[in-house]
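Okay, thanks for making time, everyone. I'd like to walk you through one structure this morning, so have a look at the screen and then I'll start with a single residue.

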Amino acid sequence: MAEPKATTKPRTVCCVGDIHGYITKLQNLWSNLEKTVGPSEFQTALIIFLGDYCDRGPDTKKVLDFLISLPSKYPNQSHVFLCGNHDLAFAAFLGLLPSPPDGSDFSETWKEYAMNEKREGWYKGEGYENMHLQARRWAGRMTGFNHAKNTEYKGSIYDARPTFESYGVPHGSAGKNFNLDFFWSSDSMNVNLDMGWLFGLFDSSS
């Protein structure tokens, strides 16, 4: 009689999206996930973050610090960090995007949407000359009422002012004025990565 095949219990997968600078909500969600899934399964779960970590809420810096700490706090979990449009724009403003593969300047991305520059108040401060379109929109100055969200714009079309303020700088400050310490390392995983890991696609189990 053949031996019954051993069955492998499916791994728990949790997906988290649109944190948008709300650290208290993220912490509460994290605690609720652990209670719902169970401590044992949660410790080995695959956690997929779907992007949009910054803007709107008051604590983008604390949110990013929380996410960066996860691989060391939960070494048996796997974490995937996807880049949302808000994250891409923030990264572009900080100069973290790779150069276009065709060798063109980022300023080429302005052309298609140039008719919106005045209405959206695109950033024209230090270093704007070769910024990606979304960087200029992210750090720009948009005033008025956002009818889609039923609220006033928070600094720009991306609602980026709270992100600036979470780093202690006024909205529209040049990227070099951010006091950033995003270096993260994990000897157990033999990786050394800078802030770019958070704004791309990164699987901490690799």
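Which helix does threonine 60 lie in? Threonine 60 sits in helix α3. Before I go on with that, a reminder that what you're looking at is a predicted model.

So, threonine 60. Its relative accessibility is 0%, and therefore threonine 60 counts as buried. Who does threonine 60 touch, if we ignore residues up to four places away in sequence? The list is Gly21, Tyr53, Cys54, Asp55, Phe90, Thr163, Ser166 and Tyr167.

Okay, let's zoom out for a moment. The protein chain has 7 helices and 8 strands. There are 206 residues in the protein chain, and 46% of them count as buried. The protein chain exposes about 11500 Å², with carbon and sulfur atoms supplying 51% of that. And if you take the contacts with a separation of 6 or more, 64% of them are between residues 24 or more positions apart.

Now the strands. Start with β1, residues 13-16. Which face of β1 is covered and which is uncovered? Cys14 and Val16 make up the covered face, while Val13 and Cys15 are on the uncovered one. As a reminder, in a regular strand the side chains alternate between the two faces of the sheet. β1 runs parallel to β2, and 4 bridges join the two. One bridge to look for there: valine 13 has leucine 46 as its partner in β2.

Next door, β2, residues 46-49, pairs with β3, also in the parallel sense and over 4 bridges. Here phenylalanine 49 has phenylalanine 81 of β3 as its bridge partner. To get from β2 to β3, the chain goes through helix α3, residues 60-73, and this β-α-β crossover is right-handed. So that's our threonine 60 helix again.

β3 itself, residues 78-81, is covered on both faces. You've got Ser78 and Val80 on one side, His79 and Phe81 on the other, and all of them are buried.

On to the core. The largest nonpolar core has 41 residues, and the ones touching the most other members are Phe49, Leu67, Phe93, Trp138 and Phe178. Which elements each supply at least two residues of this core? Those are β1, α1 (23-37), β2, α3, α4 (85-93) and α6 (133-138). The largest share is 5 residues, and that comes from α3.

α4 deserves a slide of its own. How many of the 9 residues of α4 are buried? 7 of them, which makes this helix mostly covered. By name, the buried ones are His86, Asp87, Ala89, Phe90, Ala91, Ala92 and Phe93. They pack against α3, α6 and α7, and Phe90 is also on that contact list for threonine 60. Just after α4, have a look at glycine 95, where phi is positive, at about 80 degrees.

Last topic, aromatics. There are 13 aromatic pairs in the structure. One of them is tryptophan 110 with tyrosine 128, stacked, at 6.1 Å centre to centre and 15 degrees between the planes. Tryptophan 110 is in the loop between α4 and α5 (117-120), and tyrosine 128 is in the loop between α5 and α6, so this pair ties together parts that are 18 residues apart in sequence. Tryptophan 110 is buried, with a relative accessible area of 18%, and the cut-off is under 20%.

Another pair is tryptophan 138 with phenylalanine 164. Why do we call this pair stacked? Because the planes are at 25 degrees, with the ring centres 4.9 Å apart, and stacked means planes under 30 degrees apart. Tryptophan 138 is in helix α6 and phenylalanine 164 is in helix α7, residues 161-166, so to speak of distant parts of the chain, the pair links positions 26 residues apart. Tryptophan 138 is buried at 0% relative accessibility, and phenylalanine 164 is buried at 0% too.Then there's tryptophan 122, in the loop between α5 and α6. Tryptophan 122 is buried, with a relative accessible area of 5%. The C-alpha atoms of tryptophan 122 and tryptophan 138 are separated by 7.8 Å, with their positions 16 residues apart along the chain. Beyond its sequence neighbours within four places, tryptophan 122 has contacts that include Trp110, Leu133 and Arg137.

And to finish, one aromatic cluster takes in Trp30, Phe42, Phe49, Phe66, Tyr74 and Phe81. Two of those names, Phe49 and Phe81, are the bridge partners from earlier. Okay, that's me done, over to you.

How values were computed. Residues numbered from 1 in each chain as written. Predicted model: local features only at pLDDT ≥ 70, side-chain atom pairs only at ≥ 80, totals over all residues. Heavy atoms only, no water. Buried < 20%, exposed > 50% of the residue type's maximum accessible area, 1.4 Å probe, protein only. Pairing = 2+ DSSP bridges. Right-handed = clockwise from strand over helix to strand, strands pointing away. Contact = heavy atoms within 4.5 Å. Areas by Shrake-Rupley, 256 points an atom, 1.4 Å probe, with all protein chains shown as cover. Core = buried A, V, L, I, M, F, W, Y, C linked by side-chain atoms within 4.5 Å. Phe/Tyr/Trp six-rings, centres within 6.5 Å; stacked < 30°, edge-to-face > 60°.
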